[in-house]
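Visitor: I am new to this structure and would like a close look at a single part of it. Could you pick one strand and show me how it sits among its surroundings?

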Amino acid sequence: MPSPAIRTDGLTRDFASIRAVDGLTLEVAEGTVFGFLGPNGSGKTTTIRLLLGLLAPTSGDIEVLGHDIRTGAPAIRAASGALMEHSGLYERLSAWENLEFFARVWRIPKGEREARIKELLESIGLWDRRGELVGTWSRGMKQKLAVLRTLLHRPRLVFLDEPTAGLDPIAAAALREDLLRLVAEEGLTVFLTTHNLAEAERLCSQVGVVRRGRLIAHGHPDEIRVAAAGNRLEIAGRGFTPSLLDGLRSRQDVAGAVVVNGRLCVELATGGTTPPVVAFVVGAGADIEEVRRAADSLEDAFLNIVGEAERDAG
Ligand SMILES: Nc1ncnc2c1ncn2[C@@H]1O[C@H](COP(=O)(O)OP(=O)(O)OP(=O)(O)O)[C@@H](O)[C@H]1O
Ligand SMILES: [Mg+2]
């Protein structure tokens with residue numbers, strides 16, 4: 001197993017009476033895109049600032065790219081790129097001049113600088129527009145340029161804080177496709193925050209759901225969905241008679257049964273599984289065409305998980 005790109009253990013950060021990050025323990029594998037999902041004020045940006053060593057933890061440990069944050073923050077920042085809330089681009093400079101400026105800041109030698117800028121602008125189709133002032137560009141184009149800016153010095157790890165915020169759906173989708181290509185071409189590890197669940201599903205192989213600074217779910221987007229999905233079977237077919245419904249409702253492993261638009265929907269009790277229920281339905285004389293374990297969208301799953309955490313917190 002390669003060591004993870006990011007590892008935190010019990011990471012906590014207080015601001016006066018607010019606990020912005022609360023006992024966060026997580027790992028992000030090298031070469032993956034990790035999505036950090038949470039509502040406003042849940043501690044996403046604070047976590048990024050902690051991981052970059054821009055804020056000190058109140059308690060807990062952080063290791064990024066093999067460096068302990070207490071001693072290695074400069075080395076971590078040198079090997080990372082970050083797109084935070086403000087893009088930092090200069091509106092009165094052209095795209096080329098912006099990248100040239102930031103490449104100088106990174107002290108990239110002249111010959112290498114020009115090749116790198118060309119390579120990056122070409123990869124997202126903006127090479128022909130390099131001479132235009134950034135102030136005249138659309139938000140989507142500016143945001144693409146802001147992403148390129150984070151990649152100039154060939155970082156291994158990139159933090160993207162809500163990269164598609166404020167973009168229309170078409171511009172956001174275009175940026176996501178560019179991101180996926182850049183991630184593959186550059187072999188990057190990405191730590192991305194978002195409240196857009198479709199975005200997490202498109203981009204991320206692992207997601208963490210955070211609420212009030214606490215990690216409340218963690219896994220592949222599909223696993224999050226399954227964990228939060230109601231324990232429901234949807235059965236298409238015929239012969240779902242009232243007596244079949246009564247029979248189902250009297251079973252220990254069934255919490256409820258109802259026919260909706262000709263489909264039999266069975267809510268399993270805790271611990272209930274599919275095969276005995278299907279066998280019972282067949283045994284009662286129904287014809288089954290299809291059985292589906294109902295999967296909510298990640299959006300629904302997210303709301304379920306966040307809502308449960310809310311109720312648990314009282
Ligand atoms: N410098 C600060 N001083 C005081 N409180 C802060 C500071 N930075 C963040 N906080 C508080 O910490 C909590 C988490 O904020 P943070 O910005 O990390 O959330 P977020 O998940 O990034 O939210 P958003 O989705 O709105 O960007 C909030 O309650 C916020 O008010
Ligand atoms: Mg934020």
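Guide: The chain's secondary structure comes to 11 helices and 14 strands, where helices (H or I, at least four residues) and strands (E, at least two) are DSSP runs numbered from the N terminus. With a radius of gyration of 24 Å, well over the 20 Å that the globule rule gives for 314 residues, the chain is more spread out than a compact globule; this radius is taken over C-alpha atoms, and the rule is 2.2 Å times the number of residues to the power 0.38. Please keep in mind that this is a predicted model, in which local features need pLDDT of at least 70 and side-chain atom pairs count only at pLDDT 80 or more, while totals for chains, interfaces and linings use all residues. Residues are numbered from 1 along each chain as its sequence is written, and chains are lettered from A and ligands numbered from 1 in the order in which they are written.

Along the principal axes, the C-alpha atoms fill a box of roughly 80 × 45 × 35 Å. The chain is divided into domain 1 (6–226) and domain 2 (231–294), with bounds from an automatic or database domain assignment. The centres of the two domains, taken over C-alpha atoms, are 46 Å apart.

Now for the strand I have picked: β3, residues 33–37. Of its 5 residues, 5 are buried, meaning that 20 or more other C-beta atoms lie within 10 Å of a residue's own (12 or fewer would make it exposed, anything in between partly exposed, with C-beta atoms placed from the backbone). For the chain, buried residues make up 34% of the 314. In a regular strand the side chains alternate between the two faces of the sheet. In β3, Val-33, Gly-35 and Leu-37 lie on one side and Phe-34 and Phe-36 on the other, and both faces are covered.

Which strands pair with β3? One is β8 (residues 189–194), which joins β3 in the parallel sense over 5 bridges; two strands count as paired if DSSP finds at least two bridges between them. Val-33 has Val-190 as its bridge partner in β8. Another is β9 (residues 206–211), also parallel to β3, with 4 bridges. There, Phe-34 is partnered by Gln-206.

Following β9 onward, we meet β10 (residues 214–219), joined to β9 by 5 bridges in the antiparallel sense. Val-209 of β9 has Ala-217 as its bridge partner in β10. The hairpin of β9 and β10 has 2 residues between the strands, and Arg-212 takes a positive phi near 50° in this hairpin.

Let us also visit ligand 1. Residues around ligand 1 include Gly-38, Asn-40, Gly-41, Lys-44 and Thr-45, counted when the C-beta atom, placed from the backbone, lies within 6 Å. The elements giving two or more residues to this shell are β2 (18–28) and α1 (44–51), with α1 providing the largest share, 3 residues.

Finally, β2 belongs to an open sheet of 4 strands with antiparallel pairing, in the order β2-β1-β4-β5. β2 and β5 (67–68) stand at the edges with a single partner strand each, so one side of each is left without a neighbour in the sheet. β2 is joined to β1 (residues 6–15) by 7 bridges, and Arg-13 stands opposite Val-21 in β2.
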